[in-house]
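User: I'm in my first year and still learning to read protein structures. Could you take me on a close tour of the sheet in this one, strand by strand?

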Amino acid sequence: KGCYVRRLHFQDQKGRESKLTCERIVSMDNPHVGAINWTLEPLNWSTDIEVHSWIDGSVRNTGVRRYQGLKNKHLSIKSKEWHQ
């Protein structure tokens with residue numbers, strides 16, 4: 001019943017300003033369900049952009065003491081290749 005939302009307003013070296021919103025959800029009921037929605041809003045520019053995205057399968061949950069007895073590897077890396 002929760003959604004983590006992060007909003008950024010940034011400017012690049014050419015002075016182009018943008019707003020980026022990231023909405024994330026995961027299921028505590030089903031650990032295989034999650035979603036991310038990214039929204040990029042150009043404020044003073046327009047052009048075509050190309051977006052590359054990936055999941056880092058090597059991340060482990062080791063920072064919380066009460067979870068250290070649990071399996072902390074959730075993803076299996078099948079390939080490290082970039083596919084377009």
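Analyst: Let's start at the hairpin: β1 and β2 form it, with five residues between them. In that turn sits Gly-15, which has a positive phi of about 85 degrees. Keep in mind as you look that this is a predicted model.

From the turn, follow the two arms of the hairpin. β1 covers residues 4–11, and β2 covers residues 17–26. The two arms pair in the antiparallel sense, over eight bridges. For one place to rest your eye, find Phe-10, which stands opposite Ser-18 in β2. What holds such neighbors side by side in general? Strands of a sheet pair through backbone hydrogen bonds, and the pairing can be parallel or antiparallel.

Now cross to the other side of β2. Here β2 meets β3, again running antiparallel, and nine bridges join these two strands. Two spots are good to click on. Leu-20 stands opposite Leu-40 in β3, and Thr-21 has Thr-39 of β3 as its bridge partner.

With both pairings in view, you can put the sheet together. It is an open sheet of three strands in the order β1-β2-β3, with antiparallel pairing. Which strands lie at its edges? They are β1 and β3 (34–42), and each of them pairs on one side only. The sheet also twists, by an average of 15 degrees from one strand to the next.

Let's go back to Leu-40, which is found in β3. Is its side of the story buried or exposed? Leu-40 is in between: it counts as partly exposed because its relative accessible area is 37%, and the partly exposed class lies between the 20% and 50% limits. Leu-40 also belongs to a nonpolar surface patch of about 440 Å², together with Leu-8, Phe-10, Ile-49 and Val-51. You have already met Phe-10 as the residue opposite Ser-18, so here it turns up again as part of the patch.

Finally, step back to the chain that carries this sheet. How many helices and strands does the chain have? It has zero helices and three strands, and read along the sequence the pattern is β-β-β. Of its 84 residues, 7% count as buried. The chain exposes about 8400 Å², and carbon and sulfur atoms supply 50% of that area. Among the contacts with a separation of 6 or more, 21% come from residues 24 or more positions apart.

Definitions and conventions. Residues numbered from 1 in each chain as written. Predicted model: local features only at pLDDT ≥ 70, side-chain atom pairs only at ≥ 80, totals over all residues. Heavy atoms only, no water. Helix = DSSP H or I, 4+ residues; strand = E, 2+ residues; numbered from the N terminus. Buried < 20%, exposed > 50% of the residue type's maximum accessible area, 1.4 Å probe, protein only. Contact = heavy atoms within 4.5 Å. Areas by Shrake-Rupley, 256 points an atom, 1.4 Å probe, with all protein chains shown as cover. Pairing = 2+ DSSP bridges. Axes fitted to C-alpha atoms, helices over the stretch in contact; angles between N-to-C directions. Patch = residues over 30% accessible without salt bridge, like charges linked within 9 Å, V, L, I, M, F, W, Y side chains within 5 Å. Salt bridge = Lys/Arg side-chain N within 4 Å of Asp/Glu carboxyl O.
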